[in-house]
Amino acid sequence: MTPEYTSTELLAHVAAGLLEDNSSVFVGTGLPVIAAMLAQRTSAPNLLLIFEAGGIGPQVPVLPISVGDSRTFYRAVSASSMHDVMSASQAGYLDYGFLGAAQIDAYGNLNTTVIGEWERPKVRFPGSGGANDVGSLCWRTIIVMRQDPVRFVETLDFLTTPGYLDGPGARERVGLPAGTGPYRVITQLGLYGFHERLKRMQLLAVHPGVSVEDVVEATGFELIIPDEVATTIPPPRAVLDTMRDIDPTGMVIGR
Amino acid sequence: MNVLQEGYGTLVGWSDPDRHRAWVAEHKSRALKDKRTTVEEAIGEYVADGSLIALGGFGHIRVSMAALYEIIRQRKRDLTLCGKTAVHDCDLLVAAGCVNRIEVAYAFGHELRGLSPASRRAAESGRCEVVAEISNAGYQWRFLAAAMGLPFIPTRVMLGTDTLQRSSAKVVEDPFTGKPICLVPACYPDAVLMHVHRCDKYGNAQIDGIIVEDFELARAARRLLITTEEIIPDSAIRESPQDTVIPYYLVDAVTEVKHGAHPTLMPGRYYFDEQHISEWLRLSKTDEGVVEYFDRYVHGVESFAAYLDLIGGEAQLEHLRQVEHLEAPLEAPWLEEKRR
């Protein structure tokens, strides 16, 4: 029997499964930390976690509140600096980047800056932080966020972090490192990738109980729907227990 | 070089490198002298109304709160803040009305705790003006350019985005590869406040754990004010010079303030005071609450020691030490509110 799980636990489980062992991941605040920690404790024991404030290769004991928290360099191989980790990213050492966002478009461009006009924002978000750097410099960027038509939009209010910009070849044309870009998007409804040639978002899998229609309804742009759509595998009991160890207070996964 | 694009954000803190060199030659003493002073005097002398300021650490990690509270206490005005991953520091300075302009890499947020009610209100109402956007790497490389005495640093971030459009960076054609490259301008803050684990009376300072961008920021600062958990003898510095992050000639003032980063996290010493931060997040939902908070914890206390008594004294500080060392569980009242 499948144990009960929350959508956040499912997201973290699916995200963790994308991270290969012996690769490096640039980890952002919140769910990305849980996913990276989960991967390290299950399928990818030699996953190299890197945090923007300078934590390199930690064995994070418990969910940190901040990406500069002492937990981000607990039993680490190095307690370094932002210059060091950003330079390593720019030089090509970071396989995966892990981001959240307030808005995303079909090319995987992200907004974490404002809703409304920049001069007179309806809602002011924190801005790029390290997101633009991660999305610019890591080989493959994974985005974890909630999906609805207000967040999955045709046109962003502000393009904070580059996805494939306006299509194939655009990243290279503006001078971003060649061969980089968004790789996967994970939401409470499903898992997405980007079309090899068109660089537009395409559905890869839906979560158990979710239909392709649900996905289309929650998307404000035209999504590529392939003939074959897989269904994700829910987290087994042992994985749920591990997540509870990682986030005992339920800060991200809830209670 | 062929300029391909110019961001139209306001350029803050830039200086022609020769002008900065001349300023350094005139104003930064290379004398090995005792720089110990009080926070009150240091802020009074080096933080003028209208200056560009930056705080060391990481927004709510290793922030010189003792110096920050003093800025609020002295009611400094019209400051511009380097929002280089600004969290609790930005929130308080904006809410107090000290900072009314900010260049934003990260601001108005509290990471996992959510958005910052007070500073976000100020940004959305126009009380605090965002003068430019940038990324975290971009900001830290602005300080690196300044630290190196260069006009700019070439980078491969921000390209193709609105972040670049709203920044003070320029895109040029790189003469080596022929590809577009983003140049971030040097940034020399007028005053930088930094909290460290230990330093000597001359300002030779050591930091435990991650340095974040304090290596670069200390070297970019025109005036560098250090608060420290402890002042140690010069001989102790000389016994482990490899641990010195900041040499004395960069430093203008030194003050010993034990627990001077409270309620922010001091790596290896004490964890975030989530009880206290929760109180701020709750009170700062209204302008009246903001006044109440500052009256109680800043204007209403005579010294930093009196402030520490108010937040729970020795018992609470011991608890924070235990949480930092994973000897006691984390309790965060804001979590209950978030779950509702």
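**Exercise 1. Which residue follows H3(B), and what is the sign of its phi?**

Before we start, some ground rules: this is a predicted model, where local features need pLDDT of at least 70, side-chain atom pairs count only at pLDDT 80 or more, and totals for chains, interfaces and linings use all residues. Residues are numbered from 1 along each chain as its sequence is written, while chains are lettered from A and ligands numbered from 1 in the order in which they are written.

Solution.
- Step 1: know your labels. Helices (H or I, at least four residues) and strands (E, at least two) are DSSP runs, numbered from the N terminus.
- Step 2: go to the end of helix H3 of chain B, residues 65–73. Arg75(B) follows this helix, and its phi is positive, near 50 degrees.

**Exercise 2. Work out how H3(B) is covered and how it meets H11(B).**

Solution.
- Step 1: get the burial rule straight. A residue is buried if 20 or more other C-beta atoms lie within 10 Å of its own, exposed if 12 or fewer, and partly exposed in between, with C-beta atoms placed from the backbone.
- Step 2: apply the rule. Seven of the nine residues of H3(B) are buried, so this helix is largely enclosed by the rest of the structure. The buried ones are Met65(B), Ala66(B), Ala67(B), Leu68(B), Tyr69(B), Glu70(B) and Ile71(B).
- Step 3: look at the axes (lines fitted to C-alpha atoms, for helices over the stretch in contact, with angles from 0 to 180 degrees between N-to-C directions). Those of H3(B) and H11(B), residues 287–299, come within 10 Å and cross at roughly 115 degrees.
- Step 4: find the hand. The crossing is left-handed, a label used if the near helix is turned anticlockwise from the far one by less than a right angle (right-handed if clockwise).
- Step 5: list the contacts, meaning C-beta atoms, placed from the backbone, within 7 Å. Tyr69(B), Ile72(B) and Arg73(B) of H3(B) meet Phe294(B), Val298(B) and His299(B) of H11(B).
- Step 6: check another residue of H11(B), Val291(B). With 14 C-beta neighbours inside 10 Å, Val291(B) counts as partly exposed. Its C-alpha atom is 8.0 Å from that of Ala96(B), 195 residues apart along the chain.

**Exercise 3. Put together the four-stranded sheet of chain B.**

Solution.
- Step 1: two strands pair if DSSP finds at least two bridges between them. On that basis, four strands form an open antiparallel sheet in the order E1-E7-E8-E6.
- Step 2: find the edges. E1 (3–6) and E6 of chain B each have a single partner strand, so one side of each is left without a neighbour in the sheet. The twist averages 30 degrees from one strand to the next.
- Step 3: zoom in on E8(B), where five of six residues are buried. E6(B), residues 152–155, pairs with E8(B) over four bridges, and Phe152(B) stands opposite Pro185(B).
- Step 4: turn to E7(B), residues 170–173, which is joined to E8(B) by four bridges. Glu173(B) has Pro180(B) as its bridge partner, and Lys170(B) has Leu183(B).
- Step 5: follow the hairpin between E7(B) and E8(B). Six residues separate these strands, and Gly178(B) in the turn has a positive phi of about 80 degrees.
- Step 6: add the helix. H6(B) lies across E6 and E8 of chain B, at about 140 degrees to E6(B).

**Exercise 4. Describe how chain B touches chain A.**

Solution.
- Step 1: count. 50 residues of chain B are in contact with 48 residues of chain A.
- Step 2: find the main contributor. H6(B) gives the largest share of chain B's side, four residues.
- Step 3: sort by class (Ala, Val, Leu, Ile, Met, Phe, Trp, Tyr, Cys and Pro are nonpolar; Asp, Glu, Lys and Arg are charged; the others, Gly among them, are polar). Chain B's side has 27 nonpolar, eleven polar and twelve charged residues.
- Step 4: examine one helix pair. H3(A), residues 82–90, and H6(B) pack at about 115 degrees, with axes 10 Å apart, in a left-handed crossing.
- Step 5: name the residues. Met82(A), His83(A) and Met86(A) meet Asn136(B), Ala137(B), Gln140(B) and Leu144(B). They divide into four nonpolar, three polar and no charged.

Terms used: Two residues are in contact if their C-beta atoms, placed from the backbone, lie within 7 Å.
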